Protein chains: 4
Amino acid sequence: MTAAEVDQFICDGLPAYAESGCMVETVTPETTTVRMRYRDDQLRPGGSLSGPTMMALADTAMYAIILATLGPIGLAVTQNLNINFLQKPKPADLLAEARFLRLGRRAAVIDVQIRSAADASLVAQATGTYAIPSGAPRADLAGASA
Amino acid sequence: MTAAEVDQFICDGLPAYAESGCMVETVTPETTTVRMRYRDDQLRPGGSLSGPTMMALADTAMYAIILATLGPIGLAVTQNLNINFLQKPKPADLLAEARFLRLGRRAAVIDVQIRSAADASLVAQATGTYAIPSGAPRADLAGASA
Amino acid sequence: MTAAEVDQFICDGLPAYAESGCMVETVTPETTTVRMRYRDDQLRPGGSLSGPTMMALADTAMYAIILATLGPIGLAVTQNLNINFLQKPKPADLLAEARFLRLGRRAAVIDVQIRSAADASLVAQATGTYAIPSGAPRADLAGASA
Amino acid sequence: MTAAEVDQFICDGLPAYAESGCMVETVTPETTTVRMRYRDDQLRPGGSLSGPTMMALADTAMYAIILATLGPIGLAVTQNLNINFLQKPKPADLLAEARFLRLGRRAAVIDVQIRSAADASLVAQATGTYAIPSGAPRADLAGASA
C-alpha cells in the first residue's frame, strides 16, 4: 500500500484518527513515517505535548508500517507498547519513523523513533508488539529484520 | 487532594482531558481510580477500543495518583510507560486503578490495572515512571511502597 | 505440577539454574513463588544485588508459573520482559511471586513482584510475555485472568 | 575510558562478570560493543541461549557505555529495562551494541541491539534507563542524543 492508501485505510476505520492531526507521510521498504501536526490543545501543563499524544502517534506509526507491508488487515492489534519520553518536544510537528525489528508470522516487533520536525532531535522512542491475524497476506520479508 | 480536586486540576491544565470522557472517581491512601466513559468514536476496526485510548487512560490514572498524593504539581512528567493489552474490551466504561510500586524523591513507579466496568475483567496493565520535580511537597509515604 | 516437580524440570533442562541459587518454593492455583538464596558473588559495586540477578529471578518465576499451570512444556519462550528496579535489595534472600495477567492459547502475560525475604519490601516488579507452543496441554483457565 | 579500562572496571566490581564470558570489545563516541562468548551451559531447553543470558548482556552493554562516556562511576544503577527477544540465537557469540537515546544529568536512556556474531542477524533489542549519581563527571555530550 502507498502512504496515501494507508492513510485512507486508517481514516476509514478509526474516526478519532481523522481528528488527530496525523498523516502517513512516507512509506519505503524499510520505514514508514507518520507526521503529527502541532496543535495547541494537546499541550499539557508546562507547555509540552502530552504523553498520550505521543503514545497515539507511536501506535499509529506501528499500525501504518503493518498496513504498508502486509496490506489492509484491520484486525492487527497492539499487544505491548513501551515508550521512553526523552525530552520535552518543541511546539512543532512531530515525525514518527517506524521500522520492523522482527516481522514474523504471528507477531511483529516494531521500533518507533519520534523526532521534532523543527530540528530532528529525538523526542521519544517506543517499541511495540503487534499480533498479526492468521491468514493475513504475507509480504516479501527479505531483509525485514535486518 | 480529593478526587474532585484532582479532576478539576487536570481539566484546567489539559484541554484535551475535558473531552476525553475521563473522570477521577475515587482517591484512597493506596489507590486512585479513573473512569473512562464509553464512546463509539474511540472504536477501532474490529469493534475494540483503540490502544491509544487505553494508553491515555493509564497515563491519566498515573498522573492522578501523583496529584492525589503529592498535591498540585503540574510539572510531573512521564518518563516511561509500558502497557500490555490483555483482551479486547467490551463496549462499556473502563476503570483504571493506579497504585504506587515506589514513591521516591525524584521518581515514582506506578502500576495501573484497567478493567471493564461491565464485568471487572482485566483489559490492560501498565507500569510507568514519573519524574517528580525537585521541591515538590512530600506526602507521608509510610507504606507507599508496601 | 508441584513445586518440587517444576523445580526439577527446570534443573534438568537448564544447567545454569542449578547453580543460580533459585528454588521453586510454592505453587498455588493463583501464584508461583521462587526463592533466590543470597550469595555474595552476585553483589555489584555499592553492595547491591545486580540487575541481571533479579532479571533472571523474574524470568525463572515466569517460566515456573507456566510449567506449574500448563505442565512440562520446555519450549515456552520469553518474548518480552519489562522490569522496574524499585529499591536496593538488602543482603538477604529474594522471593519472586508470579501471577498471570492473562493466559491465552498462544501467549501468557505474567506479573512478577520481587520482595526481600528480610522484610517483604518490594524490590522489583516485572511483566513479561511468554509464547506458548501450539499443542501445549491446556490447564483449566477459569479465573486465570481475573 | 577505553574498552580495556571499562572491561577491567566491571571485572573488578562484579565478580560474576568475570565468569560470564562477556568482554567490552569496542568503544567509539557513539556506541559501545560487548561480546558474549558462546558457552554450552547457558543453553535452555530447545537449544537456545537463555533469556537471562541476553538480559545480562544487554545490561552489561548499558553499564559499559555509561562508564565509557562518564568515566568510572560504580554507582550508576539500572532503573528500568525492557527487552524484546526477536529470534532464537544460533550457537555462536553474541554482540551487544549500546547507544544513548538520551544522556541527561540524572538519567540516561540507552538502546541495545544484540546480534549473532555468526550472521549479524538481530536477536534481541532492549531499552533501559540508568540513574546517574549526582556529582558524576560529565562527558562532552555533543551529539549524544542525536
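Begin by selecting D:Arg99 and D:Asp111 in this predicted model, where the two side chains form a salt bridge whose closest N and O atoms are 3.7 Å apart. D:Arg99 belongs to strand 6 (residues 94-103) of chain D and D:Asp111 to strand 7 (residues 107-116) of chain D, so this pair ties together parts that lie 12 residues apart in sequence. If you colour the two partners by accessibility, D:Arg99 counts as partly exposed, at 24% relative accessibility, whereas D:Asp111 is buried, with a relative accessible area of 1%.

**Further salt bridges**

Next, select A:Glu25, A:Arg35 and A:Asp93, which are joined into one network by salt bridges that share partners. Over all chains, the structure holds 16 salt bridges.

Then move to chain B and show the side chains of B:Asp119 and B:Lys90, which form a salt bridge with their closest N and O atoms 2.9 Å apart. Because B:Asp119 sits in the loop between strand 7 and strand 8 of chain B, while B:Lys90 sits in the loop between strand 5 and strand 6 of chain B, the pair ties together parts that are 29 residues apart in sequence. B:Asp119 is partly exposed, with a relative accessible area of 40%, and B:Lys90 is also partly exposed, with a value of 33%.

In chain C, select C:Asp93 and C:Arg35, whose side chains meet in a salt bridge at 2.9 Å from N to O. This pair links distant parts of the chain, since C:Asp93 is in the loop between strand 5 (77-85) and strand 6 (94-103) of chain C and C:Arg35 is in strand 2 (residues 31-36) of chain C, 58 residues apart.

**A helix with two faces**

Stay with chain C and select helix 1 (residues 3-13), in which C:Ala3, C:Val6, C:Asp7 and C:Ile10 are buried. Why do these residues lie on the same side of helix 1 of chain C? They cover an arc of only 100° around the axis, which puts them on that one side. An α-helix has 3.6 residues a turn, so residues three or four places apart point the same way. On the face turned away from the buried side of helix 1 of chain C, look for the exposed residues C:Ala4 and C:Asp12. To see what covers the buried residues, add helix 2 (15-18), strand 1 (22-27) and helix 3 (51-70) of chain C, which are included in that cover.

**A sheet across two chains**

Now show chains A and B as a cartoon and follow the open sheet of 12 strands, with antiparallel pairing, in the order 1(A)-2(A)-6(A)-7(A)-8(A)-5(A)-5(B)-8(B)-7(B)-6(B)-2(B)-1(B). Its edge strands are strand 1 (22-27) of chain A and strand 1 (22-27) of chain B, each of which pairs on one side only. On average, and with direction ignored, neighbouring strands of this sheet are turned by 20° against each other.

Zoom in on strand 1 of chain B, which pairs with strand 2 (residues 31-36) of chain B in the antiparallel sense over 5 bridges; here B:Thr26 stands opposite B:Thr33 in strand 2 of chain B. Then add helix 3 (residues 51-70) of chain A, which packs on the sheet and touches several strands, including strand 5 (77-85) of chain B. The direction of this helix makes about 50° with that of strand 6 of chain A.

**Comparing two copies**

Finally, superpose chain B on chain C, which a turn of 180° and a shift of 0.0 Å along the axis achieves with an RMSD of 0.0 Å. That is the relation of a two-fold axis. The C-alpha of chain B nearest the axis is that of B:Asn82, 3.8 Å from it.

Note on methods. Residues are numbered from 1 along each chain as its sequence is written. Chains are lettered from A and ligands numbered from 1 in the order in which they are written. This is a predicted model: local features need pLDDT of at least 70, side-chain atom pairs count only at pLDDT 80 or more; totals for chains, interfaces and linings use all residues. Side-chain values use heavy atoms; hydrogens and water are left out. Buried means under 20% relative accessible area, exposed over 50%, partly exposed in between (1.4 Å probe, protein chains only). Helices (H or I, at least four residues) and strands (E, at least two) are DSSP runs, numbered from the N terminus. The arc is that of the directions from the helix axis to the C-beta atoms. Contact means heavy atoms within 4.5 Å. Copies are superposed by least squares on the C-alpha atoms of residues with pLDDT of at least 70 in both. Two strands pair if DSSP finds at least two bridges between them. Axes are lines fitted to C-alpha atoms, for helices over the stretch in contact, and angles run from 0 to 180 degrees between N-to-C directions. A salt bridge is a side-chain nitrogen of Lys or Arg within 4 Å of a carboxyl oxygen of Asp or Glu.
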